[in-house]
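Got the model open in your viewer? Let's walk through it one selection at a time, starting with a sheet.

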There are 2 protein chains.
Amino acid sequence: MAYSMASPLKIAGLVLAGDIRAAARLMRNLDDGDPAARRVLQALYAKSGHAHVVGVTGPPGSGKSTLVDRLIAACRAKGGSVGVVAVDPTSPFSGGAVLGDRIRMQRHAGDPEVFIRSLGTRGSLGGLSRSVFDTVTVLDAMGKDLVLVETAGVGQDGVKVAGAAHTVLVVLSPGMGDDIQAIKAGVLEIGDIYVVNKADKDGADTLERSLRLGLEGAAPRDGWERVVVRTEARSGKGVDELSETILRHRRRLESAGAWERRSGVFPKAAFLELVEDGLRRRLEGLMRRPGPWKKRVNDLTGRRTDPGTAAKAALKDLLG
Amino acid sequence: MAYSMASPLKIAGLVLAGDIRAAARLMRNLDDGDPAARRVLQALYAKSGHAHVVGVTGPPGSGKSTLVDRLIAACRAKGGSVGVVAVDPTSPFSGGAVLGDRIRMQRHAGDPEVFIRSLGTRGSLGGLSRSVFDTVTVLDAMGKDLVLVETAGVGQDGVKVAGAAHTVLVVLSPGMGDDIQAIKAGVLEIGDIYVVNKADKDGADTLERSLRLGLEGAAPRDGWERVVVRTEARSGKGVDELSETILRHRRRLESAGAWERRSGVFPKAAFLELVEDGLRRRLEGLMRRPGPWKKRVNDLTGRRTDPGTAAKAALKDLLG
C-alpha cells in the first residue's frame, strides 16, 4: 500500500522513533518504487549515519547465517539493538536452504530490538546496492546500533555490497579446498576480519594457516592489520571474541579518521546505480522509437554492423 | 600477445578457414581488450550467423557439464562440428567443481572439430554478454555447426546469457526440492526444452510431473510447445532423443521465421553492454575531476544530499 494519507515527514518521524510497523511498510514501499517512500527516505537520510554496518560474506555453506544469528545474540546481550539485511542468492532456481536459514534467525523475531529484512536480488528497482542501501538507511534511522548485511557470496554483486560496509567479515569453513590456491587473491583483499568457522572440523588448522600466510604481505587498511578469528557458530564458541574484534575495528576506523569515508561508500554506490539505471531507461526508450537508434538495432540484428562499431557511434550521439 | 605483424583481414581469413591457433589467440586478445582483435571481430561478424547456438542452464549439480559432454559426442557422431563456451560461476571464492567438469570435457580436446573455451565472469572487459557474444561469433565464423553455451545457472547474468541462444535448455535433476514450488515461475519461462537429468534417481517422476504441470498453461513460443526430455547423462541414455529435439526446435524456428530474430538477441545485448560500459567510464571520469560531479559525491558522503536527489540532478546534467 502506498502512502496516501500520512505526510512523508510524519512517516519519517515514526521511523526515527523506532516504530517497527512504519519501518516495515516503508521498506516494502521503497521496494515497490513508491515516490512518496523515496521522499521519506530523503528525510531520513540526514538523520542516519550512526549505525555500525558490518558486511558478512563468504561461500555457500560456510555458516554465515548461523554466525549472524550468534552475532545478533552477542550484541543484544550487551544491550545493543540490531538490524539485519539478508540478501538472497541470485539463483532463479531453488531457494530452499536460504528459507531454512531465515527461519533459524527468526528466533529473534519476537525481540522488538531486532529487525530482520530479507532482500531478493530480482525485481528490485535500481539494483542491489540501491536496495541494500535503502534498507540500511531505514534501519540506521530507526536507531539500530549494529546493522549486519549478509550476502550469499555468490556473484560479484553480493561481494560488492558486503564490501561497502564499515567492517567486512569474510566467513570461510574447512572442507572447501583448504589451501591457499582455493583462497583467491580477491578474497584476501576484501575482508577486515577473516572467520574460520566450523573450527572444530578437520582442515580448520590448514585453512587458518593458509589464510595467515596469504595475509602476511598485505598492507594494513586504515591502519588495521587484517585478523583471523576461529569460531564454532553452532555452539557459539569464539563468537564473543569475534564480537569484540568487530568493535575493535570500529574504534580503529574512528581513530584513523576513516569512519566517515567508509560511511560514504554505500551512498556513492547507490547514486551510481541510480544514474546508470536512468541512462539504461533512456537507452531502452530511444531504441523503441523510430529513428537512428532503432535503425542501429536493425542493422545489428541484420549483421550489417557489429556491436562495437554501433556502440561507438551511439556513445558519440549520446555524449557528443 | 597483441597482433603487431598480421593484418586484421589476414587473421580473419585464418579464422574463417578454421585455423584453431588463430582462433584461440583471437579469443585471448579480445579478452585482453586488444583494439586490433576488435577489428578482426568486425570483419568476422558479417560472415557469421550460421551456427545453431544452444544455451544450457540450470542449478549447480544438475549435471550440465556431463550433458554438454554427451551432446558434443552426439553431434560429432553425425559429422557435425562443435564449439563450447563454458561460463564459470561468478563466485570469487572457490572453483573446484568447475575445474573438474572442464577436465571431463577435455576428452574432446584432441578432436580438431571440437573447440572448448572457458570464460570467467570476472575481469572481462565490457561484461559477460559481450565476452560470450565475442566467443560465439568466433566459433560461428570458424564454421562450427553447433555452439553450446553452458552457464552455471547462478546469478541472473548466467541465465540471461543462456537465454540469448536460439534454443534454451534448462537442466534440472531430482533431489533439489522436486515439487512445483521449487520450480520458480521464471524458470518455466526461459526454456524451450526442459531436461530431467539423472532420470534414474528417486524423485525424477515427481520432478517431471511438476514440470509438465507447470508448463501446461504456457503459451507456445515461436510456435513451439515447450517439451520435457528425460536423460541420464552419465550413461548417455536419452541423449540421442535430446539431440533430435534440439534439431526439431531449430527447424521449428526456421519455419516460423523466428531464427533471424533469435539470432539478433546476442548482438543487441552486446551492443547495450558496450554502451553502458562507455557511459560508466564517462561517469567515473567526471566524478574524479574537480567540478559539479565531484561536489555531488562530496555532498553525498557528507550526507548533505541523498542518492536519489543527487542522481536526478546528475541525469539532468548528462541528458539535458
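Start with the strands of chain A. This is a predicted model, and here 7 strands line up as an open sheet, with parallel pairing and the order E3-E2-E4-E1-E5-E6-E7. Colour strand E3 (114-119) and strand E7 (227-230) of chain A: these are the edge strands, and each pairs on one side only. Now look along the sheet and you should see it twist, by an average of 20° from one strand to the next.

Stay at the E3 end and add strand E2 (residues 82-87) of chain A. E2(A) and E3(A) run parallel and share 6 bridges. Show the residues of one bridge: Val84(A) has Ile116(A) in E3(A) as its partner.

Which helix lies across this part of the sheet? Select helix H6 (residues 128-141) of chain A, which crosses strand E1 (52-57), E2, E3 and strand E4 (146-151) of chain A. Its angle to E2(A) is about 165°.

Zoom out to take in the whole of chain A. You'll count 14 helices and 7 strands. Of the 320 residues in chain A, 47% are buried. If you take the contacts in chain A between residues at least 6 apart in sequence, 76% of them join residues at least 24 apart.

Next, colour chain A by domain: domain 1 is 1-47, domain 2 is 49-257 and domain 3 is 271-319. Where domains 1 and 2 of chain A meet, 14 residues of domain 1 are in contact with 13 residues of domain 2. On the domain 1 side, helix H1 (8-16), helix H2 (20-31) and helix H3 (35-45) of chain A each bring at least two residues. H2(A) gives the largest share, with 6 residues. What kinds of residue make up this side of domain 1 of chain A? There are 10 nonpolar, 2 polar and 2 charged.

Over to chain B. Its 7 strands also form an open sheet with parallel pairing, in the order E3-E2-E4-E1-E5-E6-E7. Strand E3 (114-119) and E7 of chain B each have a single partner strand, so one side of each has no neighbour in the sheet. Ignoring direction, neighbouring strands are turned by 20° against each other on average.

Follow the bridges from strand to strand. Strand E1 (residues 52-57) of chain B is joined to E5(B) by 4 bridges, running parallel, and Val56(B) sits opposite Leu169(B) in E5(B). Then strand E5 (residues 167-172) of chain B is joined to E6(B) by 4 bridges, again parallel; there, Leu169(B) has Ile193(B) as its bridge partner. One step on, E6(B) pairs in parallel with strand E7 (residues 227-230) of chain B over 4 bridges, with Ile193(B) opposite Val227(B).

Pause on strand E6 (residues 193-196) of chain B and show its side chains. Ile193(B) and Val195(B) point one way, Tyr194(B) and Val196(B) the other, and all are buried.

Last stop: helix H12 (residues 265-288) of chain B. At 1.5 Å a residue, its 24 residues should span 34 Å, and the end C-alpha atoms are 35 Å apart, which agrees. Select its buried residues, among them Phe266(B), Phe271(B), Leu272(B) and Leu279(B). What do the buried residues of H12(B) pack against? Light up helix H12 (265-288), helix H13 (292-301) and helix H14 (307-319) of chain A, plus helix H6 (128-141) of chain B.

Terms used:
Residues are numbered from 1 along each chain as its sequence is written. Chains are lettered from A and ligands numbered from 1 in the order in which they are written. This is a predicted model: local features need pLDDT of at least 70, side-chain atom pairs count only at pLDDT 80 or more; totals for chains, interfaces and linings use all residues. Domain bounds come from an automatic or database domain assignment. Two residues are in contact if their C-beta atoms, placed from the backbone, lie within 7 Å. Ala, Val, Leu, Ile, Met, Phe, Trp, Tyr, Cys and Pro count as nonpolar, Asp, Glu, Lys and Arg as charged, and the others, Gly among them, as polar. Two strands pair if DSSP finds at least two bridges between them. Axes are lines fitted to C-alpha atoms, for helices over the stretch in contact, and angles run from 0 to 180 degrees between N-to-C directions. A residue is buried if 20 or more other C-beta atoms lie within 10 Å of its own, exposed if 12 or fewer, and partly exposed in between; C-beta atoms are placed from the backbone. The expected span of a helix is 1.5 Å times one less than its number of residues.
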